[in-house]
Amino acid sequence: DLIKGTVTSIEKTRPLRTGETVHMYQVNYDTDSGTSYSLYDIVLIATPLNPGMSNIRLPKAPLCCNKYYHQTVATFVHGRINASFFGCPEPCKFQLTEILTTENPELFFRSIGTVTPVKGTKEKPLETPAGDPVWKVFSAEPLTEQQLGLLFESRGTMKVKKWLAYPQYNPPEKLPPIILDERIYYINSIESAASAMEMSALSAKNVVLLAYHHWYGEPEKIDQANLNEKIKSEL
(Lines give C-alpha, C1' and ligand atoms only; values in the text may rest on other atoms or scores of the structure.)
Protein backbone atom coordinates (compact mmCIF):
# COMPACT_ATOMS: atom_id res chain seq x y z
CA ASP A 1 0.00 0.00 0.00
CA LEU A 2 1.14 3.54 -0.73
CA ILE A 3 1.82 5.52 2.44
CA LYS A 4 1.71 9.28 2.05
CA GLY A 5 4.37 10.54 4.41
CA THR A 6 7.96 11.66 4.85
CA VAL A 7 10.55 9.05 5.83
CA THR A 8 12.71 10.24 8.73
CA SER A 9 14.86 7.21 9.56
CA ILE A 10 15.51 3.53 8.90
CA GLU A 11 16.49 1.21 11.75
CA LYS A 12 18.08 -2.16 11.12
CA THR A 13 16.54 -4.28 13.88
CA ARG A 14 13.65 -4.03 16.30
CA PRO A 15 13.58 -5.85 19.68
CA LEU A 16 10.40 -7.65 20.72
CA ARG A 17 8.87 -7.84 24.18
CA THR A 18 9.93 -11.49 24.35
CA GLY A 19 13.56 -10.43 24.13
CA GLU A 20 13.97 -11.68 20.60
CA THR A 21 14.95 -9.44 17.70
CA VAL A 22 13.18 -9.10 14.37
CA HIS A 23 15.74 -9.01 11.54
CA MET A 24 13.83 -6.50 9.47
CA TYR A 25 14.07 -2.81 8.74
CA GLN A 26 11.86 -0.39 10.61
CA VAL A 27 11.03 2.59 8.40
CA ASN A 28 9.89 5.57 10.46
CA TYR A 29 7.86 8.31 8.82
CA ASP A 30 5.69 11.34 9.50
CA THR A 31 2.17 11.64 8.08
CA ASP A 32 -0.72 14.04 8.54
CA SER A 33 -1.93 11.72 11.31
CA GLY A 34 1.37 11.75 13.18
CA THR A 35 4.51 9.62 13.47
CA SER A 36 4.36 5.94 12.53
CA TYR A 37 6.49 3.08 11.19
CA SER A 38 6.36 -0.06 9.05
CA LEU A 39 8.57 -3.18 8.93
CA TYR A 40 10.21 -4.40 5.72
CA ASP A 41 12.60 -7.17 4.68
CA ILE A 42 14.15 -5.04 1.93
CA VAL A 43 14.37 -1.25 1.51
CA LEU A 44 15.02 0.52 -1.79
CA ILE A 45 15.92 4.20 -1.49
CA ALA A 46 14.88 6.20 -4.56
CA THR A 47 15.74 9.74 -3.47
CA PRO A 48 19.08 11.56 -3.22
CA LEU A 49 20.62 11.26 0.26
CA ASN A 50 22.52 14.52 -0.19
CA PRO A 51 22.17 17.29 2.41
CA GLY A 52 19.06 19.36 1.88
CA MET A 53 17.50 16.74 -0.39
CA SER A 54 16.29 14.14 2.12
CA ASN A 55 17.18 13.93 5.80
CA ILE A 56 16.85 10.16 6.24
CA ARG A 57 18.88 8.66 9.09
CA LEU A 58 20.31 5.25 8.21
CA PRO A 59 21.81 2.39 10.29
CA LYS A 60 25.17 3.25 8.75
CA ALA A 61 25.67 6.83 7.67
CA PRO A 62 26.86 6.77 4.03
CA LEU A 63 30.08 8.62 3.32
CA CYS A 64 29.12 9.20 -0.27
CA CYS A 65 26.46 11.82 -0.37
CA ASN A 66 27.94 15.25 0.24
CA LYS A 67 27.38 16.81 -3.19
CA TYR A 68 25.08 19.72 -3.84
CA TYR A 69 22.57 19.65 -6.68
CA HIS A 70 22.31 22.28 -9.41
CA GLN A 71 19.01 24.09 -9.73
CA THR A 72 17.28 24.10 -13.10
CA VAL A 73 14.27 26.26 -13.90
CA ALA A 74 11.96 25.17 -16.70
CA THR A 75 9.79 27.98 -18.09
CA PHE A 76 7.04 26.96 -20.52
CA VAL A 77 5.82 29.83 -22.68
CA HIS A 78 3.05 29.82 -25.27
CA GLY A 79 4.21 32.57 -27.58
CA ARG A 80 6.28 33.79 -30.49
CA ILE A 81 10.06 33.67 -30.29
CA ASN A 82 12.04 36.87 -30.93
CA ALA A 83 14.23 35.62 -33.78
CA SER A 84 16.09 38.92 -34.08
CA PHE A 85 17.50 38.42 -30.55
CA PHE A 86 19.34 35.37 -31.91
CA GLY A 87 20.74 37.16 -34.96
CA CYS A 88 18.00 36.32 -37.43
CA PRO A 89 16.24 39.61 -38.38
CA GLU A 90 12.58 39.54 -39.34
CA PRO A 91 11.43 38.07 -41.58
CA CYS A 92 13.65 35.20 -40.41
CA LYS A 93 14.42 32.70 -43.16
CA PHE A 94 14.92 29.88 -40.67
CA GLN A 95 12.32 28.07 -38.58
CA LEU A 96 13.77 28.14 -35.09
CA THR A 97 12.90 25.05 -33.03
CA GLU A 98 15.99 24.43 -30.89
CA ILE A 99 18.49 26.93 -29.47
CA LEU A 100 21.44 25.44 -27.58
CA THR A 101 24.28 27.16 -25.74
CA THR A 102 27.71 26.48 -24.30
CA GLU A 103 28.63 27.47 -20.76
CA ASN A 104 28.71 31.25 -20.54
CA PRO A 105 28.14 33.18 -17.30
CA GLU A 106 26.77 36.14 -19.27
CA LEU A 107 23.87 34.07 -20.69
CA PHE A 108 20.69 34.00 -18.65
CA PHE A 109 19.34 30.82 -20.27
CA ARG A 110 20.77 27.38 -21.10
CA SER A 111 18.55 26.13 -23.89
CA ILE A 112 15.27 26.85 -25.67
CA GLY A 113 13.16 24.38 -27.60
CA THR A 114 9.63 23.82 -28.82
CA VAL A 115 7.36 21.37 -27.04
CA THR A 116 5.07 19.02 -28.94
CA PRO A 117 2.18 16.86 -27.66
CA VAL A 118 3.08 13.38 -26.42
CA LYS A 119 -0.39 11.82 -26.33
CA GLY A 120 -2.34 10.58 -29.32
CA THR A 121 -4.90 8.00 -30.32
CA LYS A 122 -5.67 5.99 -33.44
CA GLU A 123 -8.64 8.25 -34.08
CA LYS A 124 -6.63 11.42 -33.46
CA PRO A 125 -2.89 11.02 -34.16
CA LEU A 126 -0.33 13.51 -32.97
CA GLU A 127 -0.31 16.79 -34.82
CA THR A 128 1.69 19.96 -34.48
CA PRO A 129 -0.65 22.61 -33.03
CA ALA A 130 -1.49 25.53 -35.28
CA GLY A 131 -0.44 29.04 -34.32
CA ASP A 132 2.33 29.94 -31.89
CA PRO A 133 4.11 26.94 -30.31
CA VAL A 134 4.88 26.24 -26.67
CA TRP A 135 8.53 26.85 -25.81
CA LYS A 136 10.55 25.31 -22.98
CA VAL A 137 13.33 27.49 -21.63
CA PHE A 138 15.95 26.04 -19.27
CA SER A 139 17.77 28.48 -17.00
CA ALA A 140 19.64 28.49 -13.69
CA GLU A 141 17.38 31.14 -12.16
CA PRO A 142 13.77 32.24 -12.79
CA LEU A 143 13.56 34.53 -15.80
CA THR A 144 12.70 38.18 -15.23
CA GLU A 145 10.12 40.10 -17.23
CA GLN A 146 12.91 41.92 -19.02
CA GLN A 147 14.59 38.65 -20.01
CA LEU A 148 11.32 37.16 -21.22
CA GLY A 149 10.76 40.29 -23.26
CA LEU A 150 14.10 39.76 -24.98
CA LEU A 151 13.33 36.14 -25.86
CA PHE A 152 9.72 36.51 -27.01
CA GLU A 153 7.87 38.96 -29.24
CA SER A 154 4.56 37.98 -27.68
CA ARG A 155 3.50 35.72 -24.81
CA GLY A 156 0.35 34.00 -23.63
CA THR A 157 0.12 31.31 -20.96
CA MET A 158 3.28 30.63 -18.97
CA LYS A 159 4.24 28.01 -16.37
CA VAL A 160 7.43 27.84 -14.29
CA LYS A 161 8.89 24.77 -12.57
CA LYS A 162 12.04 24.76 -10.41
CA TRP A 163 13.88 21.62 -9.32
CA LEU A 164 17.31 20.35 -8.30
CA ALA A 165 18.20 18.55 -11.50
CA TYR A 166 21.67 16.99 -11.20
CA PRO A 167 24.62 16.82 -8.79
CA GLN A 168 27.93 18.62 -9.06
CA TYR A 169 30.38 16.50 -11.06
CA ASN A 170 34.09 16.48 -10.24
CA PRO A 171 35.62 13.66 -12.30
CA PRO A 172 37.42 11.44 -11.77
CA GLU A 173 35.64 10.37 -8.60
CA LYS A 174 34.43 7.24 -6.85
CA LEU A 175 30.74 6.47 -7.26
CA PRO A 176 28.53 5.99 -4.19
CA PRO A 177 27.72 2.41 -3.20
CA ILE A 178 24.49 0.78 -4.35
CA ILE A 179 24.31 -1.46 -1.28
CA LEU A 180 24.20 0.72 1.85
CA ASP A 181 23.44 -2.12 4.24
CA GLU A 182 22.71 -5.84 4.02
CA ARG A 183 19.29 -5.23 2.41
CA ILE A 184 19.20 -1.46 1.88
CA TYR A 185 19.78 -0.46 -1.73
CA TYR A 186 20.41 3.02 -3.12
CA ILE A 187 18.93 3.56 -6.59
CA ASN A 188 20.12 7.18 -6.88
CA SER A 189 23.75 6.14 -6.69
CA ILE A 190 23.73 6.20 -10.50
CA GLU A 191 23.20 9.98 -10.51
CA SER A 192 26.85 10.50 -9.64
CA ALA A 193 27.69 9.02 -13.04
CA ALA A 194 24.87 10.53 -15.10
CA SER A 195 21.60 12.13 -14.05
CA ALA A 196 18.56 11.50 -16.23
CA MET A 197 15.18 9.78 -15.97
CA GLU A 198 16.42 7.05 -18.29
CA MET A 199 19.46 6.37 -16.08
CA SER A 200 17.28 6.23 -12.96
CA ALA A 201 14.91 3.78 -14.64
CA LEU A 202 17.86 1.58 -15.63
CA SER A 203 19.29 1.75 -12.11
CA ALA A 204 15.91 0.85 -10.58
CA LYS A 205 15.64 -2.27 -12.74
CA ASN A 206 19.17 -3.39 -11.88
CA VAL A 207 18.66 -2.76 -8.16
CA VAL A 208 15.44 -4.80 -8.13
CA LEU A 209 17.25 -7.69 -9.84
CA LEU A 210 20.14 -7.38 -7.40
CA ALA A 211 17.83 -7.42 -4.37
CA TYR A 212 15.91 -10.39 -5.82
CA HIS A 213 19.05 -12.48 -6.37
CA HIS A 214 20.38 -11.61 -2.90
CA TRP A 215 17.09 -12.51 -1.22
CA TYR A 216 16.77 -15.87 -2.98
CA GLY A 217 20.45 -16.76 -2.60
CA GLU A 218 21.44 -16.67 -6.26
CA PRO A 219 24.92 -15.07 -6.18
CA GLU A 220 25.87 -16.80 -9.43
CA LYS A 221 23.43 -14.48 -11.23
CA ILE A 222 25.23 -11.37 -9.93
CA ASP A 223 28.33 -10.03 -11.72
CA GLN A 224 28.30 -12.93 -14.14
CA ALA A 225 31.48 -13.56 -16.06
CA ASN A 226 31.24 -13.17 -19.85
CA LEU A 227 27.67 -11.91 -19.53
CA ASN A 228 27.83 -10.05 -22.83
CA GLU A 229 28.83 -13.22 -24.66
CA LYS A 230 25.99 -15.15 -23.00
CA ILE A 231 23.46 -12.53 -24.07
CA LYS A 232 24.75 -12.63 -27.66
CA SER A 233 24.45 -16.42 -27.77
CA GLU A 234 20.89 -16.27 -26.42
CA LEU A 235 19.91 -13.73 -29.07
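So, S111: you'll find this serine in strand β9, which runs over residues 111-115. Keep in mind that what we're looking at is a predicted model. Is S111 buried or exposed? With a relative accessible area of 17%, S111 is buried, because the cut-off for that word is under 20%. And what does S111 touch, if we skip residues up to four places away in sequence? The list is I99, L100, K136, V137 and F138.

Hold on to I99 for a minute, since that residue comes back later.

Okay, on to the nonpolar cores. As a general thing, in soluble globular proteins nonpolar side chains tend to be buried together. Here, the largest nonpolar core has 13 residues. The ones with the most contacts inside this core are I10, V43, I45, L49, L58, L180 and I184. Which strands supply at least two residues each? That would be β4, at 25-31, β6, at 43-45, and β13, at 184-186. Of these, β4 gives the largest share of the core, with three residues.

Let's zoom in on I45. Leaving out its neighbours within four places in sequence, I45 is in contact with I10, L58, L180 and I184, and also with Y185, Y186, I187 and N188.

Apart from that core lies another one, made of eleven residues. Here's I99 again: this second core includes I99, along with I81, W135 and L143. And I99, remember, is one of the residues that S111 touches.

Next, the cysteines. How many disulfides does the structure hold? Just one. C88 is joined to C92, with the sulfurs 1.9 Å apart. For those of you who like torsions, the one about the S-S bond of C88 and C92 is about 100 degrees, so this disulfide is right-handed. The two partners fall into separate burial classes: C88 is buried, with a relative accessible area of 11%, while C92, at 21% relative accessibility, counts as partly exposed. The line between those classes sits at 20%.

Last stop, the surface. There's a nonpolar patch of about 370 Å² there, and Y212, W215 and Y216 make it. Where does Y212 sit? Y212 lies in helix α2, residues 197-215. Y212 has 44% relative accessibility, so that tyrosine counts as partly exposed, since exposed would need over 50%. A residue has to be over 30% to join a patch at all, and Y212 is in this one.

That's my tour, so over to you.

Notes:
Residues are numbered from 1 along each chain as its sequence is written. This is a predicted model: local features need pLDDT of at least 70, side-chain atom pairs count only at pLDDT 80 or more; totals for chains, interfaces and linings use all residues. Side-chain values use heavy atoms; hydrogens and water are left out. Patches are made of residues with over 30% relative accessible area and no salt bridge: like charges are joined within 9 Å, nonpolar side chains (Val, Leu, Ile, Met, Phe, Trp, Tyr) within 5 Å. Accessible areas come from the Shrake-Rupley method with a 1.4 Å probe; for residues, only the protein chains shown count as cover. A salt bridge is a side-chain nitrogen of Lys or Arg within 4 Å of a carboxyl oxygen of Asp or Glu. Helices (H or I, at least four residues) and strands (E, at least two) are DSSP runs, numbered from the N terminus. Buried means under 20% relative accessible area, exposed over 50%, partly exposed in between (1.4 Å probe, protein chains only). A nonpolar core is a set of buried Ala, Val, Leu, Ile, Met, Phe, Trp, Tyr and Cys residues joined through side-chain atoms within 4.5 Å. Contact means heavy atoms within 4.5 Å. A disulfide is a pair of cysteine sulfur atoms within 2.5 Å.
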